[in-house]
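Visitor: I have a protein model to look at and would like to learn how to read it. Could you take me through it step by step?

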Amino acid sequence: MTDLAFHQFICRSDNYGLLLHDHKSGATAAIDAPDAAAIERQLDAMGWELTHIFTTHHHGDHVEGNLALQKRYGCSITGPRAEAAKIPGINREVTGGDNFTWEGREVRVLDCPGHTLGHIAYHMPTERAVFAGDTLFSLGCGRVFEGTMAQMFHSVSQFAALPPDTKLYCGHEYTQSNARFALSVEPGNQVLVARAAEVDRLRARNLMTCPVTIAAELAANPFLRLWSMEIRSNLGLESASDLEVFTELRERKNSFR
């Protein structure tokens with residue numbers, strides 16, 4: 001579909017703020033609400049009124065702005081049913097496998113436990129866009145705080161099955177540090193080398209590195225490249241299962257500096 005504007009910006013220290021605006025109806029949705037004041041400034045600058053918030057998970061840096069924004073705009077807040085008690089202002093609960101319509105566009109809900117137990121993502125097929133929260137990042141994935149490695153492995157794997165031209169919108173600007181880790185486990189991947197150099201150039205100019213396509217992530221993100229023999233060799237896991245490789249990657253990333 002057309003007539004949908006995407007407006008992305010950095011708020012807090014490294015959170016992505018993202019607004020979706022339907023030009024026909026005037027409806028505007030925020031993907032998470034990290035900082036009410038920052039989101040209000042962007043809305044005022046664009047001349048938009050907030051009508052919806054789509055929450056991915058309960059962490060404070062994703063829901064802190066919910067109540068202030070709801071008070072000012074009266075916006076509806078959609079969020080994960082499994083975390084409803086932890087989502088301020090929620091008035092619509094969804095879970096993985098649910099589909100709903102927003103301004104004539106299908107929104108598919110993906111169940112993504114791992115980072116938190118009730119984490120969800122939102123996929124808009126007609127817009128070739130997925131809003132991953134803190135499950136999948138460019139060149140990385142989220143920490144496993146509440147779930148298991150097996151859950152996170154399954155959650156991340158879902159993104160690999162999306163159409164390759166789908167744009168990945170994630171919760172944080174972590175790409176530069178993710179690139180350094182990715183290069184430590186797959187330095188021979190020339191697509192990754194080029195992406196890391198591009199990221200360095202963008203960050204040197206204080207520019208954002210996302211969105212990025214799923215195709216680009218499949219070519220460079222180690223958490224989507226568990227089959228890579230270079231990665232497996234560098235981990236000493238040539239014959240291991242995909243889950244074992246994923247787990248070792250995530251554990252190494254936890255302590256990587």
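## Strands, cores and helices

Guide: As a starting point in this predicted model, Val130 has Leu168 in β13 as its bridge partner.

Visitor: Which strand is joined to β13 (residues 167-169) by three bridges, and in which sense do the two run, parallel or antiparallel?

Guide: Strands of a sheet pair through backbone hydrogen bonds, and the sense may be parallel or antiparallel. Here the strand joined to β13 by three bridges is β10 (residues 129-131), and the two run parallel.

Visitor: Which strands lie at the edges of the open sheet that holds β10 and β13?

Guide: The sheet is open and has six strands with mixed pairing, in the order β7-β8-β9-β10-β13-β14. An edge strand pairs on one side only, and this is the case for β7 (99-102) and β14 (212-213).

Visitor: Which helix lies across β8 (105-111), β9 (120-124) and β10, and at what angle does it run to β8?

Guide: Three strands of the sheet, β8, β9 and β10, are crossed by one helix. That helix is α4, and its angle to β8 is about 150°.

Visitor: Which helix gives the most residues to the largest nonpolar core, and how many does it give?

Guide: In soluble globular proteins, nonpolar side chains tend to be buried together. The largest nonpolar core of this model has 26 residues, and Val156, Phe159, Phe246 and Leu249 have the most contacts inside it. At least two residues of this core come from each of α4 (149-160), α5 (175-185), α8 (229-235) and α9 (242-255). The helix that gives the most is α4, with four residues.

Visitor: How many residues are in the other core, which lies apart from this one?

Guide: The other core, lying apart from the largest, includes Ile39, Leu69, Ile87 and Ile90. Its number of residues is 21.

Visitor: Which residues does Val156 contact, leaving aside its neighbours within four places in sequence?

Guide: Val156 is among the residues with the most contacts inside the largest core. Once the neighbours within four places in sequence are set aside, its contacts are Thr135, Leu136, Cys141, Phe223, Leu224 and Phe246.

Visitor: Are α4 and α9 roughly parallel or roughly perpendicular to each other, and why?

Guide: Two packed helices are described by the angle between their axes and the distance between the axes. For α4 and α9 the angle is about 100°, and the axes are 10 Å apart. Since angles of 65 to 115 degrees count as roughly perpendicular, α4 and α9 are therefore roughly perpendicular.

Visitor: How many nonpolar, polar and charged residues make up the contact of α4 with α9?

Guide: On the α4 side the contact holds Met149, Ala150, Met152, Phe153 and Val156, and these meet Asp242, Leu243, Phe246, Thr247, Arg250 and Glu251 in α9. Sorted by class, they come to seven nonpolar, one polar and three charged residues.

Visitor: What term describes how α1 and α3 are placed relative to each other?

Guide: Helix α1 (residues 36-46) packs against helix α3 (residues 66-73) at an angle of about 40°, with the axes 9 Å apart. In this contact Ala36, Ile39, Glu40, Leu43 and Asp44 of α1 meet Ala68, Leu69, Arg72 and Tyr73 of α3. With such an angle, α1 and α3 are therefore oblique.

Visitor: Why is strand β5 (residues 76-80) described as largely enclosed, and which strand pairs with it over three bridges through Arg92?

Guide: Four of the five residues of β5 are buried, so this strand is largely enclosed by the rest of the structure. On β4 (residues 52-54), which runs parallel to β5 with three bridges, Phe54 stands opposite Thr78. Thr78 also has Arg92 as a bridge partner, and the strand that holds this partner, parallel to β5 over three bridges, is β6 (residues 92-94).

Visitor: Which peptide bond is cis, and what is its omega?

Guide: Most residues other than glycine have a negative phi, and most peptide bonds are trans. Pro211 sits in the loop between α6 (190-204) and β14. The bond from Cys210 to Pro211 is cis, with omega near 10°.

Visitor: What is the phi of Arg12?

Guide: Arg12 lies in the loop between β1 (4-11) and β2 (15-22), and it is partly exposed, with a relative accessible area of 40%. Although Arg12 is not a glycine, its phi is positive, near 55°.

Key: Residues are numbered from 1 along each chain as its sequence is written. This is a predicted model: local features need pLDDT of at least 70, side-chain atom pairs count only at pLDDT 80 or more; totals for chains, interfaces and linings use all residues. Side-chain values use heavy atoms; hydrogens and water are left out. A nonpolar core is a set of buried Ala, Val, Leu, Ile, Met, Phe, Trp, Tyr and Cys residues joined through side-chain atoms within 4.5 Å. Buried means under 20% relative accessible area, exposed over 50%, partly exposed in between (1.4 Å probe, protein chains only). Contact means heavy atoms within 4.5 Å. Axes are lines fitted to C-alpha atoms, for helices over the stretch in contact, and angles run from 0 to 180 degrees between N-to-C directions. Angles under 35 degrees count as roughly parallel, over 145 as roughly antiparallel, 65 to 115 as roughly perpendicular and the rest as oblique. Two strands pair if DSSP finds at least two bridges between them. Ala, Val, Leu, Ile, Met, Phe, Trp, Tyr, Cys and Pro count as nonpolar, Asp, Glu, Lys and Arg as charged, and the others, Gly among them, as polar.
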